[in-house]
Amino acid sequence: MQNHDEIPVEPETESTAFNMDFEADDDWSNYKDSDVMQQQSAIFEQDAAKFPFVGDKEPLSSLEAEYESGSPILLQKIKVLGKEFGAIRRTRGDGNCFFRSFMFSYLEHILESQDQAEVERVKTNVEKCRKTLQDLGYADFTFEDFFSLFLEQLESVLQGNDASISHDELVLRSRDQSVSDYVVMFFRFVTSGEIRKRSEFFEPFILGLSNTTVEQFCKTSVEPMGEESDHVHITALCDALGVAIRVVYLDRSSCDKDGGVSVNHHDFVPTPSDGATAGTVCDLDLFGWVQTAKQEGE
Amino acid sequence: MSTPARKRLMRDFKRLQQDPPAGISGAPYDNNIMLWNAVIFGPDDTPWDGGTFKLTLQFSEDYPNKPPTVRFISRMFHPNIYADGSICLDILQNQWSPIYDVAAILTSIQSLLCDPNPNSPANSEAARLFSENKREYNRKVREIVEQSWTAD
């Protein structure tokens, strides 16, 4: 976890230039918070029109094309990834991309595997998370809608009942803000509950990340929408739900292995705490946080 | 029509009625659950003591994923409150989370009264007096408290 060279170096981030014409008499004190907020949401809406929350499948060659004039090591790594993954999906970089990717990848995994036992196992862990939040003093009504919406999605990817959905419908739901935002908030609640419950364990990592208290970290970096996830969030979610997560980093670090290039990754494997059942599902892959990869031969 | 936002607001209201935090009250308009009136009482033993400050909370169908628009109706003098009554408070902006219900919003605003953040001033005069001339600041606050009794 402390392995800092695995923290993704944003690959070739093309800074989005917003053309703002500053006039000489433009004074910041003329702008109120609400103006700033409005402008921010206008920018998000522009983005929203361009990228869905979860994109269509794309071949890795489309990623290659993007980095053509970039660092040669990235191109080599993309080639290596191409041997392991058949396609990628991009997610919108709005600060919730980790949670949205996880939602899609996990539900897609259940839809394809029809693994009843896995659904039962996760449901048991979800109930434990509910209990955690109650024990921490959260009012039920502030989180129950988010829990029930997630459980509904989980049920619906299992086939054979009236509420069952197809793969196309799952893609649509993952792009529907009213579903996706609720599921993201469900994950944020679960993540925050896990961090608070095991605050002693998480404290040193949080100190290293943001130099704040556990309480403050949860309030400012976990519970609000749009706050980006880091290794602390991923560890907590992985432990709480008992679902393993693999993050693949597409960065410029050299990863020579036996003369050839390999792509570094980090596996988050759940630590079973107080008897929480740990599964072995490992199906989330992110490149530099914004792209999910799809395993070959679906 | 019952939407997730409306259902949630009914529960917010129930909680506020059953378990009201000290010094705040709030309720939706008779025929509109999306628009609330609220009153915050100035905390005891502070310059705000005795004030009754009125606010409105306007909710959208995105609630609780988006915060309501909260605004003081009563005239205010405070470093983080604009002339039009809108409030500069992180949880009402980028630090919003559905974890906050109406009771929590009003409690946070109540504690903001006595615990301003002069680093992000909405009222620069109030921010200046708060840091440089507490006596004059407190006098202005008392004026606002007295006005809060007479304004309709």
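**Exercise 1. Work out whether R246(A) is buried, partly exposed or exposed, and find what its side chain pairs with.**

Solution. Start with the accessibility: R246(A) has a relative accessible area of 21%. Buried would need under 20% and exposed over 50%, so R246(A) lands in the partly exposed class. Keep in mind that this is a predicted model, so every value here is computed from predicted coordinates.

Next, place the residue. R246(A) sits in strand β3 of chain A, which runs over residues 245–248. Now look at the side chain: it makes a polar contact with the side chain of D267(A), at 2.7 Å. Finally, a distance to try on screen: from R246(A) to P204(A), C-alpha to C-alpha, is 23 Å in space, with their positions 42 residues apart in sequence.

**Exercise 2. Describe helix α11(A): how many of its residues are buried, and what does H233(A) touch?**

Solution. Take the whole helix to begin with. Of the 11 residues in α11(A), 11 are buried, so the helix is mostly covered. Among them are H231(A), T235(A), C238(A) and D239(A).

Now zoom in on H233(A), which belongs to this helix, residues 231–241 of chain A. Its relative accessibility is 2%, and that is why H233(A) counts as buried. Who are the neighbours? Skipping residues up to four places away in sequence, H233(A) touches T191(A), F217(A), S221(A), V222(A) and E228(A).

Last step, go off the end of the helix: just after α11(A), G242(A) takes a positive phi of about 70 degrees.

**Exercise 3. Sort out the salt bridges of E194(A) and R196(A): which partners do they have, and where do those partners sit?**

Solution. First, the general idea: side chains of opposite charge can pair when their charged atoms come close.

Begin with E194(A). It forms a salt bridge with K197(A), and the closest N and O atoms are 3.9 Å apart. The cut-off for a salt bridge is 4 Å, so the pair at 3.9 Å makes the count. Both residues are in helix α8 of chain A (residues 177–197), and because they are 3 residues apart, about one helical turn separates them. In general, an α-helix has 3.6 residues a turn, so residues three or four places apart point the same way.

Then check burial. E194(A) is buried at 5% relative accessibility, whereas K197(A) is partly exposed at 36%. The pairing goes further than these two: E194(A), K197(A), R198(A) and D239(A) are linked in a network of salt bridges.

Now R196(A). Its side chain meets that of E223(A) in a salt bridge at 3.0 Å, N to O. This pair links distant parts of the chain: R196(A) is in helix α8, while E223(A) is in the loop between α10 (214–222) and α11, 27 residues apart. R196(A) is buried at 17%, and E223(A) is buried at 1%.

**Exercise 4. Find the salt-bridge partner of R8(B), and say how the two are placed in their helix.**

Solution. R8(B) pairs with D12(B), the closest N and O atoms being 2.8 Å apart. Count along helix α1 of chain B (residues 4–18): the two are 4 residues apart, which means a separation of about one helical turn. On burial, R8(B) and D12(B) are both buried. For the wider tally, the model has 31 salt bridges over all chains.

**Exercise 5. Take stock of the interface between chain B and chain A: how much area is buried, and which salt bridge involves R11(B)?**

Solution. Count residues: 22 come from chain B and 21 from chain A. Together the chains bury about 1800 Å², 53% of it on carbon and sulfur atoms. On the chain B side, R11(B), N65(B) and I99(B) lose the most area to chain A, together 32% of what that side buries.

Now the pairings. There are 2 salt bridges across the interface, and D145(A) forms a salt bridge with R11(B), the closest N and O atoms 2.7 Å apart. There are also 4 residue pairs in polar contact. The chain B side divides into 9 nonpolar, 6 polar and 7 charged residues.

**Exercise 6. Locate C88(B) and list its contacts.**

Solution. An unreviewed UniProt entry annotates C88(B) as "active site". C88(B) lies in the loop between β4 (69–72) and α2 (102–114) of chain B, and at 13% relative accessibility C88(B) counts as buried. Beyond neighbours within four places in sequence, C88(B) is in contact with D33(A), N80(B), Y82(B), Q93(B), L112(B), S120(B) and A122(B).

Key. Residues numbered from 1 in each chain as written. Chains lettered and ligands numbered in written order. Predicted model: local features only at pLDDT ≥ 70, side-chain atom pairs only at ≥ 80, totals over all residues. Heavy atoms only, no water. Buried < 20%, exposed > 50% of the residue type's maximum accessible area, 1.4 Å probe, protein only. Contact = heavy atoms within 4.5 Å. Buried area = accessible area lost by both parts, 1.4 Å probe. Polar contact = N/O pair within 3.5 Å; in protein donor to acceptor, adjacent residues only side chain to side chain. Nonpolar A, V, L, I, M, F, W, Y, C, P; charged D, E, K, R; others polar. UniProt positions renumbered as here; feature names shortened; annotations may be inferred.
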